[in-house]
Amino acid sequence: MTQPIKKPRSKSFHAPIVVEDVPLGTRQNLQLPVYENALGHPVLSPFVVVRGAQPGPVLGICAATHGDELNGINIIHRLLDSVDAEHLHGTLLCCPVVNVPAFEAGQRRFPEDDRDLNTCFPGRVNGTPSQQYARSFLERFLKSIDYLVDIHTASEGRLNSLYVRADWYSPAARDMARLLQPQIILHGRSGDKTLRSAARALGVPAVTLEAGNPSVFQGKMALEGEAGIRRVMAALGMIENDHSPVSTREPVLCDTSQWLRTIAGGILEQTFELCEVVQKGQVLARLKNAFGEYTAEYKSPSDGIVIGMSRTPLAVPGTRYCHLGRIGLPAPPKQPAGGRLLERLAPDDISE
Ligand SMILES: [Zn+2]
């Protein structure tokens with residue numbers, strides 16, 4: 001009689017990573033099942049645990065929740081090269097590729113059901129393919145960390161500045177956002193179905209680091225991303241001396257943002273740059289027809305700063321051509337957000 005083949009039950013996708021299983025002062029690379037393909041073979045996700053010799057918090061860093069967003073992988077690799085487990089306080093838990101099937105397919109969305117994985121958290125055990133995948137990742141990774149930096153880039157066809165999405169009224173998230181020293185901080189409470197929102201619901205202070213453009217490695221983004229995360233680690237007391245380059249840049253704080261869209265088709269000439277501060281009524285783009293004649297002009301509906309923009313001059317009605325941030329201090333929530341303050345920040349660093 002044929003013996004049944006032993007295969008992992010789906011429950012095994014849900015065992016949280018136990019960082020205490022890794023010996024003190026060492027690093028361990030893990031390949032853990034988070035899903036199964038149509039052959040019933042496990043889909044393995046890469047995780048790296050760097051467990052410091054000294055006690056401290058668990059900082060989670062992940063990238064490629066969208067499979068074509070590669071800069072975060074480079075940031076994580078640089079960080080891992082620079083961290084010495086013997087001198088580390090606490091643990092670094094990294095996932096360089098969250099969305100393995102999309103990464104393998106070289107695309108943004110989860111291929112099995114063509115969904116955006118970052119709209120599927122916290123996921124469901126018996127849900128759609130992307131919901132089940134999201135749930136496995138949540139159980140494996142999010143339940144094992146104290147803080148989260150989730151690294152993204154722009155989506156295909158668009159360019160991003162270096163900016164951070166964070167809840168300005170979550171003290172720890174705000175501190176992390178400032179320590180990352182991006183060009184722009186965009187406030188958002190993240191009450192949606194993102195990974196950041198799921199972390200927040202679990203009591204894990206989280207920020208999204210939007211680092212440049214998709215499908216490429218950008219050296220400047222890797223350098224700045226790594227330096228920013230090292231500043232966060234230093235503030236958490238994980239590394240004693242931070243030798244990363246110190247930036248004097250003060251991020252521009254935006255309380256909200258909007259995508260500006262074309263309302264006609266044509267060839268778009270954009271007259272603005274990333275991070276440019278624009279005025280209400282300023283011409284941002286002109287549209288030409290196939291004969292090279294101007295057919296439309298797009299003006300900024302308000303003052304603001306350019307967070308992201310279209311990369312291609314081709315426009316159809318509805319094309320997103322400018323991600324415009326509104327500069328200003330976000331209104332405080334009626335109920336303050338929870339979150340743990342970074343304990344080792346100097347008093348000056350946590351001032352408004
Ligand atoms: Zn993304």
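A strand, as the word is used here, is a DSSP run of at least two residues marked E, and strands, like helices, are numbered from the N terminus. With that in mind, Ala315 can be placed in strand β16, in a model that is predicted. The chain as a whole has six helices and 17 strands, and of its 352 residues 46% count as buried. Among contacts between residues at least 6 apart in sequence, 68% join residues that are at least 24 apart.

Ala315 is a useful place to begin. A residue counts as buried if 20 or more other C-beta atoms lie within 10 Å of its own, and Ala315 is buried because 24 other C-beta atoms are found within 10 Å. Leaving aside residues up to four places away in sequence, Ala315 touches Thr262, Gly265, Gly266, Leu268, Leu287 and Tyr321. Ile267 is 48 residues from Ala315 in sequence, yet the two are 6.0 Å apart in space, taken from C-alpha to C-alpha.

The strand that holds Ala315 belongs to an open sheet of four strands, which follow the order β14-β13-β11-β16 with antiparallel pairing. Strands β14 (294–299) and β16 (314–315) stand at the edges, where each has a single partner strand, so one side of each is left without a neighbour in the sheet. In general, the strands of a sheet pair through backbone hydrogen bonds, in either a parallel or an antiparallel manner. Between strand β13, which spans residues 283–288, and β14 there are five bridges, and the two run antiparallel; within this pairing, Arg286 has Glu297 in β14 as its bridge partner.

Earlier in the chain, strand β1 (residues 26–36) and strand β2 (residues 42–51) run antiparallel and are joined by ten bridges, with Leu30 matched to its bridge partner Phe47 in β2. These two strands form a hairpin with five residues between them, and in the turn Gly40 has a positive phi of about 80°. Strand β2 also pairs with strand β4 (residues 89–95), again in the antiparallel sense, over four bridges, and here the bridge partner of Val49 is Leu93 in β4.

The helices can be followed through α6, which takes part in both of the packings described next. Helix α4 (residues 171–180) packs against helix α6 (residues 219–235) at an angle of about 135°, with the axes 7 Å apart, and the two are therefore oblique to each other. The crossing in which α4 passes α6 is right-handed. On the α4 side the contact involves Asp175, Met176, Leu179 and Leu180, which meet Gly228, Arg231, Val232 and Ala235 in α6. By class, the residues of this contact divide into five nonpolar, one polar and two charged.

Helix α1 (residues 71–82) also meets α6, with axes that come within 9 Å and cross at roughly 55°, which makes α1 oblique to α6. This crossing of α1 and α6 is right-handed. Here Asn71, Asn74, Ile75, Arg78, Leu79 and Ser82 in α1 meet Met221, Ala222, Gly225, Glu226 and Ile229 in α6, and the contact comprises five nonpolar, four polar and two charged residues.

Definitions and conventions:
Residues numbered from 1 in each chain as written. Predicted model: local features only at pLDDT ≥ 70, side-chain atom pairs only at ≥ 80, totals over all residues. Axes fitted to C-alpha atoms, helices over the stretch in contact; angles between N-to-C directions. Parallel < 35°, antiparallel > 145°, perpendicular 65-115°, else oblique. Left-handed = near helix turned anticlockwise from the far one by under 90°. Contact = placed C-beta atoms within 7 Å. Nonpolar A, V, L, I, M, F, W, Y, C, P; charged D, E, K, R; others polar. Pairing = 2+ DSSP bridges. Buried ≥ 20, exposed ≤ 12 C-beta atoms within 10 Å, placed from the backbone.
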